[in-house]
Amino acid sequence: MPGGDGGSGVEARRAVVPPSSLSPSRAGDFMQCPLLYRFRVIDRLPEKPSEAATRGTLVHAVLERLFDAPAAERTAPRAKGLVPGQWQRLREARPELVELFADDTDGERLARWLAEAERLVERWFTLEDPTRLEPAERELFVEAELDSGLTLRGIIDRVDVAPTGEVRIVDYKTGKAPRPEYAEGALFQMKFYALVVWRLKRVLPRRLQLVYLGSGDVLTYDPVVADLERVERKLLALWEAIRLATETGDWRPRPTKLCGWCDHQAHCPEFGGTPPPYPLPVRAAESGTAAQGRMGPD
């Protein structure tokens, strides 16, 4: 990723353009902390790979590739057997992942990490039966432009289409299912995808399904048009807040318990840091403008 104080960083800053689209991850970043959004989208500060996130990527790759096999051969042993090869492919595609286990001289930590990936893959078979599934799409990139001009995009783990034409959107999570009071936040990503599919294909997904491999839970939700209209209004308000922050350069940190896991504490004022020079032109904020990023549930 571009960044740093050297010549390459200067060139990267010159090439910076305002954000022009929104994904579920970046929307979540802004709602969590506007300054985090800036660091990731505007400044593109590098982040160290994490074992948890990388394991999630590995498990997703295994579950995607398993469907290359005939239905009868989609077994737990075969899926577990895909883990080493997919890990090798992942390292080749992203050399920075070598850092994860650079100090693991005896290989024990890597072995435990791979074993946990295998357990997550194996648990999936207690939640779904891949021999009875024929996904219409896997790792599907979707993109739609709303009437407002805002472009929404993302990657859906799996799309199932019933013989009757009903669509199910499925997302794998390698963590644990949230408590009921936090379920709405977990469904935001799925409703985002449903909105994109609805606007793109004019098809309302019949079901949204989150498969939590960490805890062995499946969370489902059947959306209605009113749900997606509310999500669209929320995203438009969110995008307006992002646009305002982009133009004014006013990206405010929002301290939470999640700050302890942030890679950017050295640049964050909440930790005594200083953000990099803002790489975009700014204008003065209009008086009375509301603080950006404080989005409500609707």
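Trainee: What makes strand E4, residues 167-173, largely enclosed by the rest of the structure?
Mentor: Count its buried residues. A residue is called buried when its relative accessible area is under 20%. In this predicted model, 5 of the 7 residues of E4 meet that test, so the strand is largely enclosed by the rest of the structure.

Trainee: And what makes E3 and E4 a pair?
Mentor: Two strands pair if there are at least two bridges between them. Strand E3 (residues 151-161) and E4 share 4 bridges, in the antiparallel sense, so they pass the cut-off of at least two. You can find Val-159 opposite Ile-169 of E4, and Asp-160 opposite Arg-168 of E4.

Trainee: How many residues lie between E3 and E4 in their hairpin?
Mentor: There are 5 residues between them, and in that turn Gly-165 has a positive phi of about 95 degrees.

Trainee: How do you know that E4 also pairs with strand E5?
Mentor: Same cut-off of at least two bridges. E4 and E5 (residues 207-212) are joined by 6 bridges and run parallel, so they count as a pair. Look at Tyr-172: its bridge partner in E5 is Val-211.

Trainee: Which helix goes with E4 and E5 in the right-handed β-α-β unit?
Mentor: That's helix H7, residues 183-201. Right-handed is the name used if, with the strands pointing away from you, the path from the first strand over the helix to the second runs clockwise.

Trainee: Back to E3. What makes E3 mostly covered?
Mentor: Of its 11 residues, 8 are buried. E3 has further partners too. E1 pairs with E3 in the parallel sense over 2 bridges, with Leu-22 opposite Leu-152 of E3. E2 runs antiparallel to E3, and 8 bridges join them. For Arg-138, the bridge partner in E3 is Arg-158. E2 and E3 also form a hairpin with 5 residues between them, and Gly-149 in its turn has a positive phi of about 100 degrees.

Trainee: Which residues touch the most other members of the largest nonpolar core?
Mentor: The core has 47 residues, and the ones touching the most other members are Leu-22, Leu-152, Ile-169, Leu-235, Leu-238, Ile-242 and Trp-251. Among the elements that give two or more residues to this core are E3, E4, H7 and E5. H7 gives the most, with 11 residues. Apart from that core lies another, of 24 residues, including Leu-63 and Phe-101.

Trainee: Which residues does Leu-152 touch, not counting those up to four places away in sequence?
Mentor: Among them are Leu-22, Val-142, Phe-192, Leu-195 and Leu-235.

Trainee: Why does Trp-251 count as buried?
Mentor: Its relative accessibility is 6%, and the cut-off is under 20%, so Trp-251 counts as buried. Trp-251 sits in the segment after H8. In sequence, Trp-251 and Leu-36 are 215 residues apart, but in space they are 8.5 Å apart, C-alpha to C-alpha.

Trainee: What makes a polar contact with the side chain of Trp-251?
Mentor: The side chain of Tyr-278 does, at 3.3 Å. The cut-off for the pair of N or O atoms is 3.5 Å. A polar atom of the Trp-251 side chain also lies 3.4 Å from the backbone oxygen of Ala-245.

Trainee: Is His-264 buried or exposed?
Mentor: His-264 has 2% relative accessibility, so it counts as buried. The side chains of His-264 and Glu-47 are joined by a polar contact of 2.8 Å. Leaving aside neighbours within four places in sequence, His-264 is also in contact with residues including Leu-36 and Phe-39.

Trainee: Why is there no bond between the sulfurs of Cys-268 and Cys-33?
Mentor: A disulfide needs cysteine sulfur atoms within 2.5 Å. The sulfur of Cys-268 is 6.3 Å from the closest cysteine sulfur, in Cys-33, so this pair is too far for a bond. By that rule the count comes to 0 disulfides.

Trainee: Are these cysteines, Cys-33 and Cys-268, buried or exposed?
Mentor: Cys-33 has a relative accessible area of 11%, and Cys-268 has 11% as well. Buried means under 20%, so Cys-33 is buried and Cys-268 is buried.

Definitions and conventions
Residues are numbered from 1 along each chain as its sequence is written. This is a predicted model: local features need pLDDT of at least 70, side-chain atom pairs count only at pLDDT 80 or more; totals for chains, interfaces and linings use all residues. Side-chain values use heavy atoms; hydrogens and water are left out. Buried means under 20% relative accessible area, exposed over 50%, partly exposed in between (1.4 Å probe, protein chains only). A nonpolar core is a set of buried Ala, Val, Leu, Ile, Met, Phe, Trp, Tyr and Cys residues joined through side-chain atoms within 4.5 Å. Contact means heavy atoms within 4.5 Å. A polar contact is a pair of N or O atoms within 3.5 Å; within protein, one must be able to donate a hydrogen and the other to accept it, and residues adjacent in sequence count only if both atoms are side-chain atoms.
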